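Subject: A structure for you to look at

Hi there,

Here is the structure I promised to pass on to you. Have a look at it first, and then read on for what turned up.

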Amino acid sequence: MKLFIGSDTHGSAANTRRFLQDVGEAKKSDEEVRAILLGDIYNHGPRNPFPEEYAPMTVAKMLNEAKEYLTVIHGNCDSEVDQMISEFEILPDYKMECGERTLYFTHGHKCNADLPYKEGKSGDFVFFGHFHRQIVKVVDGITYVCVGALGLSPDGVERSYAIVDDTGVKIVSLETKKVLQEVNF
């Protein structure tokens, strides 16, 4: 299985399209490809600038078309009304077992290296967004991975997402596909 984990699209149709194209390319050679979005999907938030090609309804259409292989987590900029335009459930959090480890998916305002995963054990991974930059930090044996952002990123920080496969985690640039950080299992 291969997981593509993105976050913080903030309504950017252009960057959602780029992410889903990368997922689609991987699906051509591997049927067990899933995409997980870690919140802040449609809305840009009142303190943020408009992202490239801001079009929340277009993003909703693209995500609805990908619903068979998509899991979406609720972020702090997401609202209850977002569920009305989504043909998939927006989950508060999500976890899956991967061998002996648990992979936990959330938005960073609820859980991150400074707000630890209470149910975690050494060897587990916590994936989150919210901070719009790539962060990898190990605390008490749990690896916390902020996948960066697809829609909005601070000056000088590349837009990014993570890919998880049998070997570990790679955080890659949305634009260049260059590996920005890597953690082996």
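Let's begin with the surface: the protein exposes about 8800 Å², and carbon and sulfur atoms supply 51% of that area. Please keep in mind as you read that this is a predicted model.

How much of the protein is buried? Of its 185 residues, 51% count as buried. As for overall size, the C-alpha atoms fill a box of roughly 40 × 40 × 35 Å along the principal axes. The radius of gyration is 15 Å, which agrees with the value near 16 Å that a compact globule of 185 residues would have.

Next, the fold. You will find two helices and 12 strands. If you trace the elements from the N terminus, the order is β-α-β-α-β-β-β-β-β-β-β-β-β-β. Contacts also link distant parts of the chain: among those between residues at least 6 apart in sequence, 54% join residues at least 24 apart.

The charges are worth a glance too. There are 20 positive and 29 negative ones, and the mean positions of the two groups are 3 Å apart.

Now zoom in on helix α2, which covers residues 56-65. Its buried residues are V59, A60, M62, L63 and N64. What do they pack against? The buried residues of α2 meet α1 (13-29), β2 (33-37) and β3 (70-73).

Two single residues make a nice pair to look up.

The first is S12, in the loop between β1 (2-6) and α1. Is S12 buried or exposed? S12 counts as buried because its relative accessibility is 0%, and the cut-off for buried is under 20%. The side chain of S12 reaches the backbone oxygen of E52 at 2.8 Å. Leaving out residues up to four places away in sequence, S12 touches P51, E52, E53, V59 and G151. You have already met V59 as one of the buried residues of α2.

The second is P154, in the loop between β9 (142-147) and β10 (160-165). P154 has a relative accessible area of 26%, so this residue is partly exposed; that class lies between the 20% and 50% cut-offs. Apart from neighbours within four places in sequence, P154 is in contact with H132 and R133. P154 and P46 are 108 residues apart along the chain, and their C-alpha atoms are separated by 16 Å.

Have fun exploring, and write back with any questions!

Best wishes

Key
Residues numbered from 1 in each chain as written. Predicted model: local features only at pLDDT ≥ 70, side-chain atom pairs only at ≥ 80, totals over all residues. Heavy atoms only, no water. Helix = DSSP H or I, 4+ residues; strand = E, 2+ residues; numbered from the N terminus. Rg over C-alpha atoms; globule rule 2.2 N^0.38 Å. Buried < 20%, exposed > 50% of the residue type's maximum accessible area, 1.4 Å probe, protein only. Contact = heavy atoms within 4.5 Å. Areas by Shrake-Rupley, 256 points an atom, 1.4 Å probe, with all protein chains shown as cover. Lys, Arg positive; Asp, Glu negative; His and termini not counted. Charge placed at Lys NZ, Arg CZ, Asp CG, Glu CD. Polar contact = N/O pair within 3.5 Å; in protein donor to acceptor, adjacent residues only side chain to side chain.
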